[in-house]
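Reader: I should be grateful for a close look at the salt bridges in this structure. Please explain where the paired side chains lie and how far each is accessible.

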Number of protein chains: 2
Amino acid sequence: VRDVMTKAAKHEQNAHVSDADITRGLAKYVVGSRFEDIPAEVRHEGVRSLINFMGCSVAGSRHETVEAALAALRDLGLSGEAVVLGRSERLDAMNAALINGISSAVLDFDATQFKRTNIHPSGPVLPPLLAFMTSRSVPGGEFLHAYILAVEVACRLANGIFGEQNPGWHVTGATGGIGAAAGVGRLLGLNEDKMTAAFGIAATQAGGLREMYGTMCKSFTPGRTAQNGYLAALLAARGFDSAEQAIEGDKGLAMVMTGRPAERDILQGLGEHFEIMHNIYKPFACAIVLHAAIDGALRLCNLHGFTAEQVDRVHLLVSPPTLTLAGKRDPRTGLESKFSVYHGVALALLHGDADPRRFEDAYVLDPALAALRARVTAKTDAGLAKDQAEVSIKLADGRELKTRVEHAVGSLVNPMSDADLDEKFRGLCDGVLPTQKIERLLELCRDCERLPDASVIAQAAAA
Amino acid sequence: VRDVMTKAAKHEQNAHVSDADITRGLAKYVVGSRFEDIPAEVRHEGVRSLINFMGCSVAGSRHETVEAALAALRDLGLSGEAVVLGRSERLDAMNAALINGISSAVLDFDATQFKRTNIHPSGPVLPPLLAFMTSRSVPGGEFLHAYILAVEVACRLANGIFGEQNPGWHVTGATGGIGAAAGVGRLLGLNEDKMTAAFGIAATQAGGLREMYGTMCKSFTPGRTAQNGYLAALLAARGFDSAEQAIEGDKGLAMVMTGRPAERDILQGLGEHFEIMHNIYKPFACAIVLHAAIDGALRLCNLHGFTAEQVDRVHLLVSPPTLTLAGKRDPRTGLESKFSVYHGVALALLHGDADPRRFEDAYVLDPALAALRARVTAKTDAGLAKDQAEVSIKLADGRELKTRVEHAVGSLVNPMSDADLDEKFRGLCDGVLPTQKIERLLELCRDCERLPDASVIAQAAAA
């Protein structure tokens, strides 16, 4: 695949970074990047992602998944000063990163990269950055910069290593830790050698299985991955070493996880275009690949004013990944239902929305919903993109309704506006934080870049 | 590959455990196993493994790799009551497991399974068991039983998932965490459902890249894996759930890591034959696949009484895995030199042994050693097993010496005796613990089964 002799030779004189030196090439970029070179719209997207993350984490913080994880940590007798978002407990920084990573993802409402993969980069990278700042004063601009760089690394690797051929890795876990190491490593001021080592230490901890989708382990992965990257940066700072070609080596991350080398474009255009611009924010609290079908069902409902009782049957044409990732025919739990396009469409028809509370166990068990879900069928059409779907509904009175969604609400072409995101944030925080705290947190996130000490953000998100 | 409908049907009625339900089948065995059914020779092998682990950990505890990891943990401000083997520091139980896992492996001197894979099961499984007992009184028999079961799970999965076709996973990291979850889960008294969940939580954290061999990350993997399994058991105890078919599912550990289903024999003969009986203990402080070549070189040296200066050239015939895993032509660090069959043979010829101190940086850089190493060549012979080698030495005076090693010293057929292991243990602890403590620790390990409270073992290994 690649010339071993050339690789060995390069190894000797690694002062020169070539296209093939992915690990070092990314490290070099992260170390050398200057905040003033990050365009305003990229910074703005960073702020939007931060707001979305905060809302999801605050709302997710009361989920039974988080309660179970906190109970386990209590058994270890741990304590500390780091904020657990949306809660009153404090933990040591490393374990706060675990819980906050879980909270951010447990509603399946966090930002998604809409590219070759659907990585959720914020879950692994923001919790360690927030936890790291607990005992330190980090200017908001540096924090935002580290966040943008962390997302850059996690997403470039996800798209470059996995593309659309993935044997079953939860991509967020596979590359998110290297992003987290980049972010914390940047705040730690690691040099190029140490940043390269940090990436390697994170790479050898990479994991996460798609078999876990629909269980508590799905959101556990970003939490654990956050810790992996955080620990990697701390270890590298203290001289812990790693393999020079952790990602691109013959037994490195790409080859071992996928059986093929990473794409050569991982290092292309670094600092010119930014991965965070491909982050999208979900209006519906379920897998992104369900959005187009739900959007179509809601449109038909709103346009024609029928009720769920009038629906005879529903047929969906969806993109292939929709059924691969979210084809659960009969979900048994709320978490599983987030990966059932049948359930999502039935919810939308019966309740007129797909809010977080609709994906709780009670809805899965509702007989009316189950009956409607059973009348939904789906086929894939390779011509449809992930944000596209065709929804056909046959009503009991014989009417046949049909719509084609070209770009689902919340997709790159049809994104949520700043105001939409603010409303999503408020809705998520409502009932967890008092109104005044919600507005203050939103303001701090919006002003992030100008904060003299960004640790106030996490502080403001404590219950 | 497997019938999806059958699997789904099984899923529904998972009261029945079939051969295909690897995750639940292993969990069921671990939960139901009785110590009185573990044969005396298996318990004895458990004790031998414990002694070998303790010696390696105490000696490894002063390695720069461990110092770097401890420095990083210090940056997190952590503290606790759990023993760091061979040292005076104490840590919380979870992080003690990290450090002890690293220490146990950093000299590459720990027990190895000599079967389809060379997993080192003790590194991931013993540290969490020892740490877990910190604040609890666990009878020695229960501890030894949990250890034997943990090794059983880790090794059966390693051999059944990877066999000899491994794209580059560090097997100890890939399945060791599930073993650790089994061990801690057993001490926690998890029921079958929770044990199954614990295995799933561990499976989704599995990782470890062979690219790391020869760097600090090699020994980091067992340490981190120890934590993964420990955390998995604690989470499961608190109701954290996971996928029912975490190992055998279509997107479960086996398929995702290797692209093929696990061997069906994983569940065969559970409770009848024991994996720990395939543990071997190394006389040389380097990768097991170097042992036959070193053994042969030492034999020729002892038999013919020549010195290294008289050696013109050395040619080795070795098993294919020897060069795949340990074919580093020019190691640059002590850790790398443990994976260089050229270096190992040169060391043996120059110094007459292959003790831990020989694999430190100073020896790698020694010009006399480098010159001798350069005169060693190696070829693989598919007819040779991992514990076999042919060593040919041409002396400057023209003599040609040759030997064939049928079973290297320390292999299953030619194992270290109890007395050999005691001596190895004493040599490893020498200089780290005072003599009296060394003898007391050895005695506690030997008496393990009869101890009313096994937490004294770790206590005795603190400096």
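Author: The following account takes the salt bridges in turn and closes with a sheet in chain A.

The model is a predicted one. Over all chains, a search of the whole structure finds 62 salt bridges. Three pairs in chain B are described here, and a network in chain A comes after them.

In one of the pairs, the side chain of Asp418(B) meets that of Arg48(B), at 2.6 Å from N to O. Asp418(B) belongs to helix H18 (residues 418-429) of chain B and Arg48(B) to helix H3 (residues 40-60) of chain B, so this salt bridge ties together parts that are 370 residues apart in sequence. Asp418(B) has a relative accessibility of 28% and therefore counts as partly exposed. Arg48(B), by contrast, counts as buried because its relative accessibility is 7%, the limit for that class being under 20%.

A second pair consists of Asp265(B) and Arg116(B), whose closest N and O atoms are 2.8 Å apart. Here both partners lie in loops: Asp265(B) between helix H11 (253-258) and strand S4 (279-280) of chain B, and Arg116(B) between strand S3 (112-113) and helix H6 (122-132) of chain B, so parts that are 149 residues apart in sequence are tied together. Asp265(B) is partly exposed, with a relative accessible area of 27%. Arg116(B) also counts as partly exposed, at 32% relative accessibility.

In a further salt bridge, Arg74(B) meets Glu89(B) at 3.5 Å, N to O. Arg74(B) sits in helix H4 (residues 64-75) of chain B, while Glu89(B) is in the loop between strand S1 (82-83) and strand S2 (90-91) of chain B, so the parts tied together are 15 residues apart in sequence. The relative accessibility of Arg74(B) is 49%, and this residue counts as partly exposed. Glu89(B) is likewise partly exposed, with a relative accessible area of 24%.

In chain A, salt bridges link Arg24(A), Lys28(A), Glu192(A), Asp193(A) and Glu244(A) in a network.

Chain A also holds an open sheet of 4 strands with mixed pairing, in the order S6-S5-S7-S8. Its edge strands, S6 (376-380) and S8 (400-405) of chain A, each pair on one side only. From one strand to the next, the twist averages 15°. Strand S5 (residues 311-318) of chain A runs parallel to S6(A) and is joined to S6(A) by 5 bridges; Val314(A) stands opposite Val376(A) in S6(A). Helix H15 (residues 341-351) of chain A lies across S5, S6 and strand S7 (389-395) of chain A, at about 130° to S5(A).

Technical notes: Residues numbered from 1 in each chain as written. Chains lettered and ligands numbered in written order. Predicted model: local features only at pLDDT ≥ 70, side-chain atom pairs only at ≥ 80, totals over all residues. Heavy atoms only, no water. Pairing = 2+ DSSP bridges. Helix = DSSP H or I, 4+ residues; strand = E, 2+ residues; numbered from the N terminus. Axes fitted to C-alpha atoms, helices over the stretch in contact; angles between N-to-C directions. Contact = heavy atoms within 4.5 Å. Salt bridge = Lys/Arg side-chain N within 4 Å of Asp/Glu carboxyl O. Buried < 20%, exposed > 50% of the residue type's maximum accessible area, 1.4 Å probe, protein only.
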